[in-house]
Amino acid sequence: MITTAPDGIKDVRPPLGDSEIESLKAGDRVRITGVLYTARDAAHARLFPLIEEGKPLPFDVRGQIIYYTGPSPARPGTVVGSIGPTTGGRMDKFTPPLLALGLKGTMGKGARSQAVKDAFRQHKGVYFGAIGGAGAVLSEFVKKLEVVAYEDLGTEAIRRLEVEGFPAIVINDCHGGDLYQEGMAHYAR
């Protein structure tokens with residue numbers, strides 16, 4: 001579900017469908033409330049063979065958002081340590097097959113390849129940018145955390161996060177919008 005708050009920020013609540021993804025545009029500021037899944041390079045490397053073999057994944061990706069992060073351990077009295085984004089481009093090889101299975105969003109930092117942007121168009125997906133360097137602040141939006149797969153990977157295990165008002169911005173939408181390219185064009189001299 002996606003609604004627009006009085007302050008103009010879009011409230012995003014996964015799971016998401018095609019029409020909800022179509023309502024998002026590059027540059028939209030969002031607050032995500034609900035479930036996010038974490039996965040980085042090592043976890044994606046384990047998911048990829050399952051996808052290729054047509055085997056079930058350790059969680060249902062349909063309608064979900066994967067956040068590219070490897071959180072640090074929680075300090076006493078906290079849910080999670082620093083939980084800043086990692087570079088999305090490192091997951092470019094794995095993203096189109098996940099989108100084909102129904103994944104609706106990814107979140108990280110940095111630009112994505114043309115193949116991934118094309119897959120966002122084809123499968124109705126979106127790339128959210130999280131604030132790099134603000135992992136300690138972002139941890140305050142995480143209300144619950146549990147490991148769902150690959151605990152042996154430590155910080156790179158797949159986790160299920162319950163978040164409230166997690167701030168992000170739409171970088172790539174399903175219409176071909178790219179905030180990075182638009183920003184550079186706008187400020188080019």
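The following conversation introduces a predicted model of a protein chain.

Q: To begin, how many helices and strands does the protein chain have?
A: The predicted model shows six helices and eight strands in the protein chain.

Q: And in what order do the elements run from the N terminus on?
A: The order is β-β-α-β-α-β-α-β-α-β-α-β-β-α.

Q: What does the radius of gyration say about the protein chain?
A: The radius of gyration is 16 Å, and a compact globule with 189 residues would have a value near 16 Å, so the two agree. Along the principal axes, the C-alpha atoms fill a box of roughly 45 × 40 × 35 Å.

Q: What share of the residues is buried?
A: Of the 189 residues in the protein chain, 48% are buried. The accessible surface comes to about 8,800 Å², and carbon and sulfur atoms account for 53% of that surface.

Q: What about contacts between residues at least 6 apart in sequence: which percentage joins residues at least 24 apart?
A: That percentage is 62% in the protein chain.

Q: Switching to charges, how far apart are the mean positions of the positive and negative ones?
A: They are 2 Å apart, with 23 positive and 22 negative charges in the protein chain.

Q: Now a single residue: where is G34?
A: G34 is placed in strand β3, which covers residues 29-38.

Q: Why does G34 count as partly exposed?
A: The relative accessibility of G34 is 23%. Partly exposed is the class between under 20%, which is buried, and over 50%, which is exposed, so G34 belongs to it.

Q: Which residues does G34 touch, leaving aside those up to four places away in sequence?
A: G34 touches L161, E162 and V163. Strand β8 spans residues 158-172.

Q: And how far is G34 from A119?
A: From C-alpha to C-alpha, G34 and A119 are 25 Å apart in space, with their positions 85 residues apart in sequence.

Q: Back to β3 as a whole: why is it described as largely enclosed?
A: Seven of its ten residues are buried, so β3 is largely enclosed by the rest of the structure.

Q: Which way do β3 and β8 run, parallel or antiparallel?
A: Strands β3 and β8 run antiparallel, and nine bridges join them. One pair standing opposite each other is R29 and I169, the latter in β8.

Q: How many bridges join β2 to β3?
A: There are three, and β2 (residues 10-12) runs parallel to β3. V12 stands opposite I32 of β3.

Q: What about β3 and β4, parallel or antiparallel?
A: Strand β4 (residues 65-67) and β3 run parallel, joined by two bridges. T38 has Y67 in β4 as its bridge partner.

Q: Changing topic, what is the peptide bond from P14 to P15 like, cis or trans?
A: The bond from P14 to P15 is cis, and its omega is near 5 degrees. P15 lies in the loop between β2 and α1 (18-22).

Q: What is the phi of K124?
A: Phi of K124 is near 60 degrees, a positive value in a residue other than glycine. K124 is in the loop between α4 (114-123) and β6 (126-129).

Q: And where is Y150?
A: Y150 is in the loop between β7 (142-149) and β8. Its phi is also positive, at about 60 degrees, although Y150 is not a glycine.

Q: Is Y150 buried or exposed?
A: Y150 is buried, with a relative accessible area of 18%. K124 has a relative accessible area of 22% and is partly exposed.

Terms used
Residues are numbered from 1 along each chain as its sequence is written. This is a predicted model: local features need pLDDT of at least 70, side-chain atom pairs count only at pLDDT 80 or more; totals for chains, interfaces and linings use all residues. Side-chain values use heavy atoms; hydrogens and water are left out. Helices (H or I, at least four residues) and strands (E, at least two) are DSSP runs, numbered from the N terminus. The radius of gyration is taken over C-alpha atoms; the globule rule is 2.2 Å times the number of residues to the power 0.38. Buried means under 20% relative accessible area, exposed over 50%, partly exposed in between (1.4 Å probe, protein chains only). Contact means heavy atoms within 4.5 Å. Accessible areas come from the Shrake-Rupley method with a 1.4 Å probe; for residues, only the protein chains shown count as cover. Lys and Arg count as positive and Asp and Glu as negative; His and the chain ends are not counted. The place of a charge is taken as NZ of Lys, CZ of Arg, CG of Asp or CD of Glu. Two strands pair if DSSP finds at least two bridges between them.
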